[in-house]
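Trainee: Got a minute to walk me through this one? I'd like to start with the sheet and then get to the side chains.

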Amino acid sequence: TEARVDIQSPLLECSVKDMSFAYEWELHKAPTVIKKEVSLTNKTAVPLGCIFKTEVPFNISAYDHVLEPDETLVMVVEFDPAYRDDKKSCIIEKTISINYRGHGQKDTINLTGEIIYPNLKLETSTINFGAILNETEKRIKCKISNSSKVVCSYHWLFMENEVPNKPITKGKDHKKHLDLGTKTELATGTV
């Protein structure tokens with residue numbers, strides 16, 4: 001008696017191996033979820049049980065699916081640029097991991113999400129003028145760079161506040177601020 005076994009490794013054909021998403025900030029427009037599709041086709045001669053996983057800020061429309069031979073699954077991949085609320089530009093790199101039922105092979109689709117906000121970078125976080133006599137002036141230079149890919153509009157204010165980084169609220173404890181009157185736009189680069 002002769003026994004013959006044909007063992008096949010999972011062969012899942014992906015329409016893309018890398019997916020990129022980009023959100024660019026716009027004034028008065030809230031970030032919205034960005035959606036793209038990827039097609040996954042079973043190129044194996046047997047049904048293929050697939051388990052898909054990813055991480056925040058990405059989401060996928062299928063997590064567990066059995067593909068028949070030559071069947072195609074169109075998966076929607078979402079990127080949520082609002083998952084962070086710090087308004088800082090960043091690049092997030094994650095993957096969609098693909099595991100197969102009954103087989104140890106693992107495949108991945110690379111995901112890249114870019115969030116672009118107008119961000120300024122100061123060479124120092126503190127400028128200390130020290131004691132200055134009345135009717136005199138003192139100047140300190142500070143390098144400012146636009147570290148983002150979009151034009152950054154900014155306006156200088158001098159704020160009087162005893163506690164650094166504490167928000168100023170209106171009311172009986174409200175401190176005044178002096179408008180220095182300079183409004184500037186800075187394209188990508190340095191001033």
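Trainee: What is the strand order in the open sheet of five strands?

Mentor: Keep in mind that this is a predicted model. The sheet is open, and its pairing is mixed. Going across the five strands, the order is β2-β9-β8-β4-β6.

Trainee: Which strands stand at the edges, each with a single partner strand?

Mentor: Look for strands that have one side left without a neighbour in the sheet. A single partner strand is what puts a strand at the edge, so the two to pick are β2 (18-24) and β6 (64-67).

Trainee: And how much is the twist from one strand to the next?

Mentor: That one is given as an average for this open sheet of five strands. From one strand to the next, the twist averages 25°.

Trainee: How many bridges pair β8 with β9?

Mentor: Strand β9 covers residues 103-116, and β8 pairs with it in the antiparallel sense. Two of the facing positions are I92 opposite G113 and I96 opposite I109. The count of bridges between β8 and β9 is eleven.

Trainee: Which residue in the turn of the β8 and β9 hairpin has a positive phi?

Mentor: The hairpin has two residues between its strands, so the turn is where to look. The phi there is about 80°, and the residue is G102.

Trainee: On the β4 side, what is the bridge partner of K53 in β8?

Mentor: Strand β4 (residues 48-53) and strand β8 (residues 90-100) pair in the antiparallel sense, over four bridges. In β8, the partner of K53 is S97.

Trainee: Let's move to the charges. How far apart are the closest N and O atoms of R101 and D64?

Mentor: R101 lies in the loop between β8 and β9 and D64 in strand β6, so this salt bridge ties together parts that are 37 residues apart in sequence. R101 is partly exposed at 48% relative accessibility, and D64 is partly exposed at 45%. The closest N and O atoms are 2.3 Å apart.

Trainee: Which residue forms a salt bridge with E55?

Mentor: E55 sits in the loop between β4 and β5 (58-60), and its partner is in strand β8, 39 residues apart. The closest N and O atoms of the pair are 3.5 Å apart. E55 has a relative accessible area of 47%, and the partner, at 25%, also counts as partly exposed. That partner is K94.

Trainee: Is E26 buried or partly exposed?

Mentor: E26 forms a salt bridge with K29, the closest N and O atoms being 3.8 Å apart. K29 has 49% relative accessibility. For E26 the relative accessible area is 43%, and buried would need under 20%, so E26 is partly exposed.

Trainee: How many salt bridges does a search of the whole structure find?

Mentor: The ones we went through include E26 with K29, E55 with K94 and R101 with D64. For the whole structure, the search finds seven.

Trainee: Now the rings. How many aromatic pairs are there?

Mentor: One of them is F21 with F58, tilted, at 5.8 Å centre to centre and 55° between the planes. F21 lies in strand β2 and F58 in strand β5, so that pair ties together parts 37 residues apart in sequence. Both F21 and F58 are buried. The count of aromatic pairs comes to four.

Trainee: What kind of pair do the rings of Y23 and Y117 make?

Mentor: Y23 is in strand β2 and Y117 in the loop between β9 and β10 (120-122), 94 residues apart. Y23 counts as buried at 8% relative accessibility, and Y117 does too at 6%. The ring centres are 6.0 Å apart and the planes are at 65°, so the pair is edge-to-face.

Trainee: Which residue joins F21 and F58 in one aromatic cluster?

Mentor: F21 and F58 already form a tilted pair. The one aromatic cluster they belong to also has F79.

Trainee: Last one: which residue has its charged end over the ring of F21?

Mentor: F21 is buried, and it lies in strand β2. The charged end in question is 5.2 Å from the centre of that ring, and it belongs to K36.

How values were computed
Residues are numbered from 1 along each chain as its sequence is written. This is a predicted model: local features need pLDDT of at least 70, side-chain atom pairs count only at pLDDT 80 or more; totals for chains, interfaces and linings use all residues. Side-chain values use heavy atoms; hydrogens and water are left out. Two strands pair if DSSP finds at least two bridges between them. Axes are lines fitted to C-alpha atoms, for helices over the stretch in contact, and angles run from 0 to 180 degrees between N-to-C directions. A salt bridge is a side-chain nitrogen of Lys or Arg within 4 Å of a carboxyl oxygen of Asp or Glu. Buried means under 20% relative accessible area, exposed over 50%, partly exposed in between (1.4 Å probe, protein chains only). Rings of Phe, Tyr and Trp (its six-membered ring) pair if their centres lie within 6.5 Å; planes under 30 degrees apart count as stacked, over 60 as edge-to-face and the rest as tilted. A charge sits over a ring if NZ of Lys or CZ of Arg is within 6 Å of the ring centre and within 35 degrees of the ring normal.
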